[in-house]
Amino acid sequence: MIVAALALVSVCGADDFSVDWWTIDAGGETSSAGGDFELGGTIGQPDASMVVMTGADFELTGGFWAGAPTSLVGDLNCDGALNAFDIDPFVVALTDPAQYAAQYPECDIDNADTNGDGVLNAFDIDPFVRLLTGG
């Protein structure tokens, strides 16, 4: 028990890590190291992907604004806007999720969970209407 408590104390006292981001519009390779850590990558990469790279206990996601939300609650046609064009896809998502997935494979059906309870059902209708009307 004492060993576990001491291990927890050493973890709690660890420094926070931060990697600031920026863009460089040229090519090349760079590497940075400090202590037990090393980070290498290609700068100016035009086709960065959102693939998560892992090593030991760390993860690094490439891409522009990795981890930023890519969807909007209520945006069921995934055009980046919440408007009347989302009504039909919303109805399809509620009534036939398989058909919705076939029609909008790039979209996340969870965008229809407008009340945020983790379940897609009739209780999402009123919050969807409020989102559309700015309420």
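## The nonpolar core

The largest nonpolar core consists of 9 residues in all, namely Leu-76, Phe-90, Val-92, Ala-93, Tyr-100, Tyr-104, Cys-107, Ala-112 and Phe-128. Helix 2 supplies the largest share of this core, with 3 residues. The model is a predicted one, and what follows describes that prediction. As a general background to such a cluster, nonpolar side chains in soluble globular proteins tend to be buried together.

One member of the core, Tyr-104, is in contact with Leu-76, Asn-77 and Pro-89, when its neighbours within four places in sequence are left aside. Of these partners, Leu-76 is itself listed in the core, while Pro-89 is among the buried residues of helix 2.

## Overall architecture

The protein contains 4 helices and 4 strands, and these follow one another along the sequence in the pattern α-β-β-β-β-α-α-α. Of its 135 residues, 15% count as buried. The protein exposes about 10300 Å², and 59% of that area is supplied by carbon and sulfur atoms.

When contacts between residues at least 6 apart in sequence are considered, 33% of them join residues that are at least 24 apart. The aromatic pair and the disulfide described below each link distant parts of the chain, with separations of 38 residues for Phe-90 and Phe-128 and 29 residues for Cys-78 and Cys-107.

## Helix 2 and its two sides

Within helix 2, the buried residues are Pro-89, Phe-90, Val-92 and Ala-93. These residues lie on the same side of helix 2 because they cover an arc of only 165 degrees around its axis. The buried residues of the helix pack against helix 3 and helix 4.

On the other side of helix 2, by contrast, Asp-88 and Thr-95 are exposed. Three of the buried residues named above, Phe-90, Val-92 and Ala-93, also appear in the largest nonpolar core, to which helix 2 makes the largest contribution.

## The aromatic pair between helices 2 and 4

The count of aromatic pairs comes to 2. One of them is formed by Phe-90 and Phe-128, whose rings are stacked, with 3.9 Å from centre to centre and 5 degrees between the planes. This pair links distant parts of the chain, since Phe-90 belongs to helix 2 (residues 87-95) and Phe-128 belongs to helix 4 (residues 125-133). Both Phe-90 and Phe-128 are buried, and both are members of the largest nonpolar core.

## The disulfide

The structure holds 1 disulfide, which joins Cys-78 to Cys-107 with an S to S distance of 2.1 Å. Cys-78 sits in the loop between strand 4 (58-61) and helix 2, whereas Cys-107 sits in the loop between helix 3 (97-103) and helix 4.

The two cysteines fall into separate accessibility classes: Cys-78 is partly exposed, because its relative accessible area is 29% and the partly exposed class runs from 20% to 50%. Cys-107 is buried, because its relative accessible area is 12% and the cut-off for buried is under 20%. Cys-107 is also one of the residues of the largest nonpolar core.

Cys-78 has a further feature in its backbone, namely a positive phi of about 55 degrees although it is not a glycine. Most residues other than glycine have a negative phi.

## The loop before helix 4

The loop between helix 3 and helix 4, which holds Cys-107, also contains Gly-116. Gly-116 is exposed, because its relative accessible area is 60% and the cut-off for exposed is over 50%. The C-alpha atoms of Gly-116 and Pro-127 are separated by 9.5 Å, and the two residues are 11 residues apart along the chain.

Key:
Residues are numbered from 1 along each chain as its sequence is written. This is a predicted model: local features need pLDDT of at least 70, side-chain atom pairs count only at pLDDT 80 or more; totals for chains, interfaces and linings use all residues. Side-chain values use heavy atoms; hydrogens and water are left out. Rings of Phe, Tyr and Trp (its six-membered ring) pair if their centres lie within 6.5 Å; planes under 30 degrees apart count as stacked, over 60 as edge-to-face and the rest as tilted. Helices (H or I, at least four residues) and strands (E, at least two) are DSSP runs, numbered from the N terminus. Buried means under 20% relative accessible area, exposed over 50%, partly exposed in between (1.4 Å probe, protein chains only). A nonpolar core is a set of buried Ala, Val, Leu, Ile, Met, Phe, Trp, Tyr and Cys residues joined through side-chain atoms within 4.5 Å. Contact means heavy atoms within 4.5 Å. A disulfide is a pair of cysteine sulfur atoms within 2.5 Å. Accessible areas come from the Shrake-Rupley method with a 1.4 Å probe; for residues, only the protein chains shown count as cover. The arc is that of the directions from the helix axis to the C-beta atoms.
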